[in-house]
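This report looks at one long-axis element and at the charged side-chain pairs of the model shown here. Please keep the sequence and the structure in view while reading.

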Amino acid sequence: MTEEKQSVMEGFKAFLMRGNVIDLAVAVVIGAAFTAVVNSIVKGFINPIVGAFGTKDLEKYRSCLKAPCETNATGDVVHGIPILWGSVLSAVLTFLITAAVVYFLMVLPMSRYLARKAAKDAKVEEEQAVAEAEEIILLRQIRDELVARRGAAHGGGGSGSSA
């Protein structure tokens, strides 16, 4: 039973030390911080722009399916069926802003970097292949020269071999 507990703990330790678990943890922490940034952009920038055309808070945009919609002092609906399309609009705008920031500040620069790195690596590999091909040609020339000198030293055309 002790060996089983030890192997379970070793497995758990190996799981935690894998790179993708740590990457996921970092992504969650950064995502939480990024959510605060996006929410502040929506509340401090998008909502005032929308407020120039109507109410400042998108959450207040609603329609009533069964009119009239009445709310009490706490904001709870007491009569009617409200459709809260302002909340949906706010969530969609938050998503679009988040997606745009992630794409333009993270994905696009990283893909450009990776493309440049791949092109550089391909160029290095091509140059290495050319150098190896030239080296092979040079080695063949050296071999042929040594074979020719060996043949000349053994009297011309003999096929004698000396080890």
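A residue is called buried under 20% relative accessible area, exposed over 50%, and partly exposed in between, with a 1.4 Å probe and protein chains only. The model is predicted, so that local features need pLDDT of at least 70 and side-chain atom pairs count only at pLDDT 80 or more, whereas totals for chains, interfaces and linings use all residues. Residues are numbered from 1 along each chain as its sequence is written, and side-chain values use heavy atoms, with hydrogens and water left out.

Helix α3 (helices being DSSP runs of H or I with at least four residues, numbered from the N terminus) comprises the 69 residues 85-153, and its end C-alpha atoms lie 97 Å apart, which agrees with the 102 Å expected at 1.5 Å a residue; that expected span is 1.5 Å times one less than the number of residues. At Tyr103 the helix bends by about 40 degrees, the angle being taken between axes fitted to the seven residues ending there and the seven starting there. Buried residues of α3 include Ser90, Ile97 and Leu108.

The whole structure holds 3 salt bridges, each defined by a side-chain nitrogen of Lys or Arg within 4 Å of a carboxyl oxygen of Asp or Glu.

| Pair | Closest N to O |
|---|---|
| Lys117 and Asp121 | 3.8 Å |
| Arg143 and Asp144 | 3.1 Å |
| Glu145 and Arg149 | 3.3 Å |

Lys117 and Asp121 are 4 residues apart in α3, and therefore separated by about one helical turn; Asp121 is partly exposed at 35%. Glu145 is partly exposed at 41%, whereas Arg149 is exposed at 55%.

Note on methods. Helices (H or I, at least four residues) and strands (E, at least two) are DSSP runs, numbered from the N terminus.
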